[in-house]
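Reader: I have a protein chain on my screen and would love a friendly walk through it. Could we go over it together, one question at a time?

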Amino acid sequence: METGKVVVERVGGMSTATHCYSKYLLKFIIPNKVGPSQTDAVWIYTITYGGGIVSGDSIKCEISFGDGCTTVLTTQASTKVYKSVESKCSEQVLE
């Protein structure tokens with residue numbers, strides 16, 4: 001099951017996030033202004049609620065970019081993966 005999707009396309013000659021969707025336990029932050037105004041890049045921060053991935057969590061994220069787009073995909077911190085309980089698997093998929 002998909003928990004997040006971002007689409008970046010050229011709009012008016014600039015890289016622009018044209019679609020952004022996320023649901024618990026994933027969140028995207030796409031600030032309007034990062035760096036000088038002539039910088040043509042979309043910054044995407046991925047955030048997981050609770051500070052990490054715990055037993056049974058499943059995160060599937062799809063990011064797509066149009067031709068000539070520039071994007072920075074990062075997190076605010078390292079993603080922590082916590083010990084599994086009762087053999088429940090966790091997964092994180094990025095496409």
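**A walk along the chain**

Author: Gladly! One of the loops makes a good start: Glu-86 lies in the loop between E6 and E7. Please keep in mind that this is a predicted model.

Reader: Which sign does phi have at Glu-86?

Author: Glu-86 sits in the loop between E6 and E7, and with 67% relative accessibility it counts as exposed. Glu-86 is not a glycine, and yet its phi, about 55°, is positive.

Reader: And where is Ser-87 placed?

Author: Ser-87 has a phi of about 60°, a positive value although Ser-87 is not a glycine. Its relative accessibility of 70% makes Ser-87 exposed. Its place is in the loop between E6 and E7.

Reader: Let's step back. How many helices and strands does the protein chain have?

Author: Read from the N terminus on, the elements run β-β-β-β-β-β-β. The count for the protein chain is 0 helices and 7 strands.

Reader: What share of the contacts with a separation of 6 or more joins residues 24 or more positions apart?

Author: The C-alpha trace spans about 50 × 25 × 15 Å along its principal axes. For contacts in the protein chain with a separation of 6 or more, the share from residues 24 or more positions apart is 62%.

Reader: What percentage of the residues is buried?

Author: The protein chain exposes about 6,200 Å², and carbon and sulfur atoms supply 53% of that area. Of the 95 residues in the protein chain, the buried ones make up 22%.

Reader: Which strand gives the largest share of the largest nonpolar core?

Author: This core has 12 residues, among them Val-6, Phe-28, Ile-44 and Cys-69. At least two residues each come from strand E1 (4-11), strand E3 (26-29), strand E4 (42-48) and strand E5 (58-65). The largest share is 3 residues, and the strand that supplies them is E5.

Reader: Cys-69 caught my eye. Which residues does Cys-69 touch, leaving out those up to four places away in sequence?

Author: Cys-69 belongs to the largest nonpolar core, as does Val-8. With residues up to four places away in sequence left out, the partners of Cys-69 are Val-8, Glu-9, Arg-10 and Ser-15.

Reader: On to charges. How far apart are the closest N and O atoms of Lys-5 and Glu-62?

Author: The model has 3 salt bridges, and Lys-5 with Glu-62 is one of them. Because Lys-5 lies in strand E1 and Glu-62 in strand E5, the pair ties together parts 57 residues apart in sequence. Lys-5 is partly exposed at 25% relative accessibility, and Glu-62 is partly exposed too, at 26%. The closest N and O atoms of this pair are separated by 4.0 Å.

Reader: Which residue forms a salt bridge with Arg-10?

Author: Arg-10 is partly exposed, with a relative accessible area of 37%. Its partner is partly exposed at 21%, and the closest N and O atoms are 2.6 Å apart. Arg-10 lies in strand E1 and its partner in the loop between E3 and E4, so the pair ties together parts 30 residues apart in sequence. That partner is Asp-40.

Reader: And how many residues apart are Glu-95 and Lys-60?

Author: Glu-95 forms a salt bridge with Lys-60, with 3.1 Å between the closest N and O atoms. Glu-95 is exposed at 51%, while Lys-60 is partly exposed at 28%. Glu-95 is in the segment after strand E7 (91-94) and Lys-60 is in strand E5, and the pair links distant parts of the chain that are 35 residues apart.

Reader: Is Thr-46 buried or exposed?

Author: Thr-46 lies in strand E4. It touches residues including Leu-26, Phe-28, Leu-73 and Thr-75, not counting those up to four places away in sequence. The cut-off for burial is under 20% relative accessible area. With 19%, Thr-46 therefore counts as buried.

Reader: One last thing: which peptide bond from Tyr-24 do we have, cis or trans?

Author: The bond leads from Tyr-24 to Leu-25, and Leu-25 is found in the loop between strand E2 (14-22) and E3. With omega near 25°, this peptide bond is cis.

Technical notes:
Residues are numbered from 1 along each chain as its sequence is written. This is a predicted model: local features need pLDDT of at least 70, side-chain atom pairs count only at pLDDT 80 or more; totals for chains, interfaces and linings use all residues. Side-chain values use heavy atoms; hydrogens and water are left out. Helices (H or I, at least four residues) and strands (E, at least two) are DSSP runs, numbered from the N terminus. Buried means under 20% relative accessible area, exposed over 50%, partly exposed in between (1.4 Å probe, protein chains only). Contact means heavy atoms within 4.5 Å. Accessible areas come from the Shrake-Rupley method with a 1.4 Å probe; for residues, only the protein chains shown count as cover. A nonpolar core is a set of buried Ala, Val, Leu, Ile, Met, Phe, Trp, Tyr and Cys residues joined through side-chain atoms within 4.5 Å. A salt bridge is a side-chain nitrogen of Lys or Arg within 4 Å of a carboxyl oxygen of Asp or Glu.
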